[in-house]
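Hi everyone, thanks for making time. I'd like to walk you through one model today, so please have a look at the screen.

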Amino acid sequence: MKSWKWITAGAGLTSVIPVAWMVWRPTLAAGAVLTAWVIAASVFGAWLVRRMEERRAQAIVRNIEQTAIQMLNHHRHDWMNELQILYGYIQLGKLDKTVASVERIRDRMATESRISKLGIPSLVFYLHSYRSFSSNLQLDVEVVDQVQLEDKVSPQAAESITEAIIQTVRAFQLSGKASWGEARQLTLTFMQQEHELIVWAQGEGTFGEPDSLKLQIEQSVRGEGIRVEQMEPGEISYRLYLPFVT
């Protein structure tokens, strides 16, 4: 990328040559050469900028494609595990465990369906792809009463909500240090009121001092009208209030 910038700068600097000629010997021919040179340098510079933008866009698309492939592979692996467990119970004739396994699969499918219907593509993609890339913090998501935000927020507000969720999860990831073999878990519960989205973040495990974590969340979550409340003193439990801005 830096080489392209140097080439673009070099193309502009070459116009110094005809300018010097024009200053040294101001003739009609020198003026014509200067004009042609400037036009050529401008066209070349515009072409370089367009090429850089195309390459940047291609890199973004490739990154999204790779993320999607990893996410699909991860989900396929999870579902294969669930089916193998179910098949094992069926072979062993353990009816009670077979029924419990089917109910667990049904509940998980229902949860993933509710996540997909949240209505903010960037948020849905983040929540579905999280498990494909993070291992130091388990993330569970619950959606209450079919929360759907598609027609309730502007595109800018939707991105602000997504960023607030991402930064909240990051604050939990960076807070505290888990001991060897300790599992840390974060549960995000999405609830909808008339004029705002409520996200209840509950942590289980070692996350350091609760008031310090609340401060980290407040400092990282920025947006118009967004506020953070700690549910109970001394507990790793917070609610984010994200207003609908249309």
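I'll go through the sheet, then the helix packing, and finish at the pocket. Do keep in mind that this is a predicted model.

Let's begin with the sheet. Five strands make up an open sheet, ordered 1-2-3-5-4, and the pairing is mixed. Which strands sit at the edges? Those are strand 1 and strand 4, the latter covering residues 227-230, and each of them pairs on one side only. On average, neighbouring strands are turned by 20 degrees against each other, if we ignore direction.

Now look at the strand 1 end of that order. Strand 1 pairs with strand 2, residues 185-192, in the parallel sense, over six bridges. If you want a landmark, find D140, which stands opposite T187 in strand 2. Please remember D140, as I'll come back to that residue.

Over to strand 4. Helix 7 lies across strand 4 and strand 5 (237-243), and runs at about 170 degrees to strand 4. Helix 7, residues 210-220, also has a helical partner: its axis and that of helix 6, residues 155-174, come within 9 Å and cross at roughly 145 degrees. The crossing is right-handed. On the helix 6 side, the contact is made by Q167, T168, A171 and F172, and on the helix 7 side by L213, Q216, I217 and S220. How do those residues split by class? We get four nonpolar, four polar and no charged residues.

The other helix pair I'd like to show is helix 4 with helix 5. Their axes are 8 Å apart, and they pack at an angle of about 145 degrees. Helix 4 brings R108, E112, I115 and S116 to this contact, while helix 5 brings V124, L127, H128 and R131. Here the classes come out as three nonpolar, two polar and three charged.

And that takes us to the pocket. The largest one holds about 380 Å³ of space. It is lined by 14 residues, and the closest to its centre are T111, R131, L139, D140 and V141. So there is D140 again, and R131 from the helix 4 and helix 5 contact is on that list too. Which elements give two or more residues to the lining? They are helix 4 (95-116), helix 5 (121-133) and strand 1 (138-143). Strand 1 gives the most, with five residues. By class, the lining has four nonpolar, five polar and five charged residues.

That's my tour, and I'm happy to take questions!

Key:
Residues numbered from 1 in each chain as written. Predicted model: local features only at pLDDT ≥ 70, side-chain atom pairs only at ≥ 80, totals over all residues. Heavy atoms only, no water. 1 Å grid on protein atoms, 1.4 Å probe; cavity = no way out; pocket = protein on both sides within 12 Å on 5 of 7 lines; lining within 4 Å. Points joined across faces, edges and corners; volume = space filled by probe spheres on them. Helix = DSSP H or I, 4+ residues; strand = E, 2+ residues; numbered from the N terminus. Nonpolar A, V, L, I, M, F, W, Y, C, P; charged D, E, K, R; others polar. Axes fitted to C-alpha atoms, helices over the stretch in contact; angles between N-to-C directions. Left-handed = near helix turned anticlockwise from the far one by under 90°. Contact = heavy atoms within 4.5 Å. Pairing = 2+ DSSP bridges.
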